[in-house]
Amino acid sequence: MLTVLIYGAVTSAILAMLAVGFTLIFGVARILNLAHGAFYALGAYCTYSLTATYKVPLIVAALASVALVALFGMAMERVLVRPQRQSSLAVLMITLMVALTVEQVLFVVFGSQSKNVPAFINFPVYLHGVSLDGQRLLALAVAVCLIGALWLFIQRTRLGSAILAISQDPEAAQYMGIPANRIFSLVMGLSAALAGAAGVIAGPFLSVRPTMDQTAMITAFSVVIVGGLGSIPGSILAALIIGYSETFVAFYLNPEWTGTVSLVAILLTLVLRPAGLMGRAVGA
Amino acid sequence: MRRIVPLLTSVVFAGALAMSFQAKAASNKPILIGLDTPIQHQVGKDTVAAVKMAVEEINAKGGVLGRKLAYVVADEGVDPQLGVSAINKLTSDDHVNVLIGGYSSGVTLAEEPHIAQSKTIWIGVGSASPNITALVGKDYDKYKYIFRVNPLNSALQAAQIVDFAKNVVKDQLGRDKVAILGESAIWVRGLVPVLVKGLEANGMKVTYQQLFDESMNDFTPLFARVKDSGAKYLLVILSHANSDVFVKQLYEARLPMPYGGIDVKSMTPNFCSRVNGAAVGETTVNFITRAPITPKTIPFWDKFVKENGRAPVYTAPGAYNSVYLYAWAVEKAGTTDADPVIKQLEKADYLGVGGKIKFNKVHDDIDGPGYQNLLFVQWQKDCTRQVVWPKELATGKIMLPPWVK
Amino acid sequence: MGGAVLVGLLAAAPPLLHNQYFTGVFIVCAIEAIWAASWNFFSGLTGRENFGTALFIGGGAYTAAFFNSTFGLNAWWSIPGGIVVAVVLGLVVGFPTLRLKGPYFALATLASAAIMQQVAINLWQYTGGSEGIYGLDRLVDSSLGYYYFVLAVLLATVLVLSLIAHSRWGTILRAIKGDETACQAAGINVTVYKIASLALSAAFAGLGGVLFAHYQQAVTPDDFDVFLSISVIIMAYVGGIGSIWGAAVGGILLNLMLELLRGMGEYRLLVYYLILMVVLFFMRSGVVVPLWRRLSGGRSA
């Protein structure tokens with residue numbers, strides 16, 4: 001029972017880490033970034049590469065990977081997305097192409113075999129007689145800290161208020177002198193960093209293959225739709241709902257159907273309440 | 001309008017010519033072997049390496065019927081549609097004399113009608129589903145071109161696993177309750193029912209069985225169920241599935257029982273080290289090891305390691321044997337025409353590097369004393385490998401995983 | 001007519017080159033052209049981006065697999081069967097989501113195709129899982145014959161859809177793209193038009209899926225894959241959004257390019273994606289139609 005509780009919490013935490021970045025960049029810059037899953041993959045592969053090939057110590061590799069992914073995201077936004085911002089179709093397409101290209105690069109460079117991202121914690125932790133994987137607990141802790149830090153940043157700092165302003169009314173914010181483009185870059189960097197961090201911390205116990213961006217993308221998607229595009233609290237709530245639903249299905253029904261939970265959640269939301277739990281209302 | 005026509009004409013024809021030039025390059029002299037294999041996977045890379053070795057050796061001794069051997073590779077991945085495209089390219093564009101390859105049974109089965117249509121001999125070295133050779137029995141005239149040299153089909157493998165389970169798991173380790181976890185691929189679906197029946201006939205009980213899609217990447221819930229079912233040994237049947245993650249998560253969950261079975265990815269020499277030793281204790285099936293199974297085994301193994309810097313996986317001996325077998329059949333038949341070569345192959349009783357190769361009525365390789373058999377190899381301390389079954393070839397004793405009492 | 005010459009070229013090329021592999025490539029090119037044309041009919045005209053064409057393609061393909069391989073029906077039944085299934089899928093997805101503004105239709109189509117892919121994998125007892133279903137018959141036995149059959153279907157598709165696009169129906173769709181509210185105010189039942197158009201688009205996409213399945217003689221969950229949906233959109237892009245025949249030509253060119261890149265081995269898809277990114281980035285109004293317009297001296301297409 002405790003296993004299921006913790007397991008669900010860990011799953012939800014990883015989902016939240018993926019979803020928050022995705023919903024943030026949409027809420028602020030109206031960018032549906034389909035390359036978000038690629039950031040997750042790059043975080044894991046970067047860590048693997050730095051530790052395995054260059055023998056960098058794990059903590060340094062982890063921080064460097066997150067930074068590199070953040071830079072990659074910012075570069076992508078600046079070079080590929082910004083010129084196409086008028087057309088949402090174009091943004092969807094170009095980010096999707098980035099995701100597919102990154103996948104191919106990973107295939108060519110690293111091969112199709114699973115890679116082994118080293119874990120910070122290699123031993124099980126014993127709680128109330130139940131053995132829990134140490135790295136999974138660490139992932140839970142890191143997710144909570146990072147999302148909490150992000151929330152505080154947005155709510156309590158001037159830069160955070162600027163971000164909120166842009167997301168609520170971009171034109172007014174610009175009249176107030178808030179540099180929209182620089183904010184977009186910053187937010188994209190934060191978004192990519194979160195996704196990359198998820199890859200670093202979850203890579204050790206989840207599958208690290210070139211196609212890992214696809215599952216990450218679909219689950220992040222579902223959480224964001226259910227929670228409401230643009231709402232961080234919505235994403236966290238939806239992450240908990242979907243995370244625990246998946247865990248329930250895995251442990252008590254059929255583990256094969258865990259992948260479908262998020263997809264069904266998307267469809268139900270779009271049919272019943274497209275705005276999601278906490279999103280703004282959309283209608284015909 | 002007058003200007004558009006020539007432009008579009010050139011575009012279409014440029015494309016057509018480019019492709020036909022690719023085909024023209026193949027001259028008529030060498031005997032061309034087409035390899036349909038997943039080039040991004042270890043099994044594919046080893047297929048190519050082994051064929052390369054065999055082709056070079058045969059050419060050094062004068063070739064076949066005075067002609068040199070050559071080979072061309074087409075990626076079939078693990079995608080049936082890519083495979084069909086690869087077969088079409090090899091047969092219709094490269095005009096190969098023989099096809100050697102295969103890995104995923106789903107891909108092979110999708111390719112078979114196309115292979116049959118092209119009337120090219122195909123020698124399988126990697127896919128295990130009995131359905132592949134069953135077609136030879138159902139429609140001999142259409143499918144007579146299909147042969148399988150390797151591996152043993154999954155029904156035969158199941159029987160040999162039962163043998164291992166009875167003699168090692170039950171008799172040596174004293175465990176008679178077994179759980180089965182496997183991927184839901186076609187070759188496994190043919191294997192598990194035979195396995196279950198055989199286990200039960202030998203006094204063992206299957207307390208839990210579950211197949212899952214090869215994309216599954218979180219097995220912890222499954223391990224919980226295996227544990228709860230009262231099983232004392234876990235049999236695994238994995239090939240395309242995420243073995244690395246499976247083994248790592250099993251180790252993290254400290255599943256309280258020994259485990260083993262078929263795990264193709266675990267055949268790779270660096271498997272144990274790339275999961276940081278989490279695989280210690282896993283017993284997996286292998287088709288070859290550095291032991292004198294036949295006089296040809298160790299020379300093959302050593303040469304392969306020398307040329308490629310790594311030990312071979314199961315498709316390598318199969319591919320190597322196939323080239324030699326085909327060369328032998330062509331020499332005997334005196335031609336590369338398919339029908340006479342097929343007649344020779346059907347009569348073969350050829351000594352390969354893993355045992356003798358002989359085909360049954362549906363062109364499937366047989367097992368038995370002297371022929372090809374499964375070896376059960378276990379990862380032990382420091383990621384060394386020991387053969388633990390069959391007794392005649394054993395190099396060590398089976399051990400329990402370090403965390404199991 | 002330049003179009004007639006192009007058709008003549010397409011018809012003549014394979015037998016002239018007497019290469020079965022090449023014929024096969026052209027068969028797939030033609031099928032992809034059908035998909036691209038069907039996509040452009042709906043999304044190009046209405047501006048509502050369909051990110052899940054693979055849903056209809058896979059629907060048609062798997063119907064063909066069930067009818068022909070699992071149930072043993074004659075292969076020709078797959079055609080009506082596949083079309084019906086694709087239309088039903090179009091209605092099921094279109095009905096709740098076409099009335100929404102914003103990216104929801106695009107997301108819903110994307111998600112639906114992904115769901116069907118997952119279902120095809122999970123229900124492996126019936127669908128063969130990741131390995132799919134094999135053993136379908138050819139609709140026409142000879143490769144050349146199959147090619148001419150597909151070419152005929154492609155021509156019919158382009159003709160039918162172009163006729164509709166130039167009729168009142170098409171004008172209304174374009175008006176909806178421009179200003180939906182104004183159309184509603186003018187008394188047009190916008191939702192009916194959108195749903196009907198999606199259903200028609202789905203029908204042709206599904207038909208293409210059936211033809212594809214019977215050519216490959218196997219279906220897999222990849223027939224629902226997002227990459228397939230994206231490829232179709234890119235073909236339409238290259239052709240010029242809004243032009244039916246342009247999309248068809250785009251389909252042929254792109255698939256041809258992908259096959260030509262086979263010589264790049266492992267790098268094939270990578271190079272393909274990079275080329276596509278460049279095309280997407282720099283040629284947003286497409287390649288084929290603007291090129292045609294320029295070369296034919298600015299005449300209307």
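How many residue pairs are in polar contact between chain A and chain C? Two, counting pairs where both residues are at pLDDT 80 or more. Keep in mind that this is a predicted model.

**Stop 1: chain A against chain C**

Show chains A and C and colour them separately. The contact draws 40 residues from chain A and 37 residues from chain C. Together the two chains bury about 3700 Å², and 77% of that sits on carbon and sulfur atoms. Don't go looking for salt bridges across this interface: there are zero.

Next, pick out the helices on the chain A side. α3 (58-81), α4 (88-110), α9 (212-227) and α11 (258-272) of chain A each supply at least two residues of the side that touches chain C. α4(A) gives the most, with 14 residues. Colour that side by residue type and you get 30 nonpolar, nine polar and one charged.

**Stop 2: the largest nonpolar core**

Stay with these two chains and select A:Met93, A:Met97 and C:Phe51. They have the most contacts inside the largest nonpolar core, which has 194 residues. Helix α2 (residues 20-46) of chain C brings the largest share of this core, 18 residues.

Now zoom in on A:Met97. Leaving aside residues up to four places away in sequence, A:Met97 touches C:Ile230, C:Ile234, C:Tyr273, C:Leu276, C:Met277 and C:Leu280. Another core, of 45 residues, lies apart from the largest one; select B:Ala316, B:Val341, B:Ile342 and B:Ala348 to see some of the residues in it.

**Stop 3: C:Thr220**

Jump to C:Thr220, in the loop between β2 (218-219) and α11 (226-239) of chain C. Is C:Thr220 buried or exposed? With a relative accessible area of 2%, C:Thr220 is buried. Show what surrounds this residue and you will find two chains: C:Thr220 touches B:Asp79, B:Pro80 and B:Gln81, along with C:Tyr62, C:Ser130, C:Glu131 and C:Gly132, again not counting residues up to four places away in sequence.

**Stop 4: chain B against chain A**

Hide chain C for a moment and bring up chains B and A. Here 28 residues from chain B meet 26 residues from chain A. The buried area is about 2200 Å², with carbon and sulfur atoms giving 40% of it. On the chain B side, select B:Gln40, B:Arg225 and B:Glu252: these lose the most area to chain A, together 24% of what that side buries.

Which residues form the salt bridge here? Pick B:Asp218 and A:Arg136, whose closest N and O atoms are 3.5 Å apart. That is the one salt bridge across this interface. Add A:Asp133 to the selection as well, since A:Asp133, A:Arg136 and B:Asp218 are linked in a network of salt bridges.

There are also ten residue pairs in polar contact between chain B and chain A, both residues at pLDDT 80 or more. For the secondary structure on the chain B side, highlight β7 (205-212), α9 (220-228) and α10 (243-253), each of which supplies at least two residues. By type, that side divides into eight nonpolar, eleven polar and nine charged.

**Stop 5: B:Ile39**

Move to B:Ile39, in the loop between β1 (31-37) and α2 (42-60) of chain B. B:Ile39 is partly exposed, at 23% relative accessibility. Try a distance from here: the C-alpha atoms of B:Ile39 and B:Asp75 are 5.5 Å apart, although 36 residues separate them along the chain. B:Ile39 touches B:Asp75, and B:Lys45 and B:Val73 too, not counting residues up to four places away in sequence.

**Stop 6: salt bridges inside chain B**

The whole structure holds 13 salt bridges over all chains. Start with B:Arg310 and B:Asp46, with closest N and O atoms 2.6 Å apart. B:Arg310 is in the loop between α12 (297-308) and α13 (315-333), while B:Asp46 is in helix α2, 264 residues away in the chain. B:Arg310 is partly exposed at 25%, whereas B:Asp46 is buried at 0%.

Next, select B:Asp339 and B:Lys144, which meet at 2.9 Å, N to O. This pair is 195 residues apart, with B:Asp339 in helix α14 (residues 338-346) and B:Lys144 in the loop between α6 (140-143) and β5 (146-148). B:Asp339 is partly exposed at 40%, and B:Lys144 is buried at 13%.

Finish on B:Lys303 and B:Glu307, a salt bridge at 3.7 Å. They are four residues apart in helix α12 of chain B, so about one helical turn separates them.

Technical notes:
Residues are numbered from 1 along each chain as its sequence is written. Chains are lettered from A and ligands numbered from 1 in the order in which they are written. This is a predicted model: local features need pLDDT of at least 70, side-chain atom pairs count only at pLDDT 80 or more; totals for chains, interfaces and linings use all residues. Side-chain values use heavy atoms; hydrogens and water are left out. Contact means heavy atoms within 4.5 Å. Buried area is the accessible area (1.4 Å probe) that two parts lose on being put together, summed over both. A salt bridge is a side-chain nitrogen of Lys or Arg within 4 Å of a carboxyl oxygen of Asp or Glu. A polar contact is a pair of N or O atoms within 3.5 Å; within protein, one must be able to donate a hydrogen and the other to accept it, and residues adjacent in sequence count only if both atoms are side-chain atoms. Ala, Val, Leu, Ile, Met, Phe, Trp, Tyr, Cys and Pro count as nonpolar, Asp, Glu, Lys and Arg as charged, and the others, Gly among them, as polar. A nonpolar core is a set of buried Ala, Val, Leu, Ile, Met, Phe, Trp, Tyr and Cys residues joined through side-chain atoms within 4.5 Å. Buried means under 20% relative accessible area, exposed over 50%, partly exposed in between (1.4 Å probe, protein chains only).
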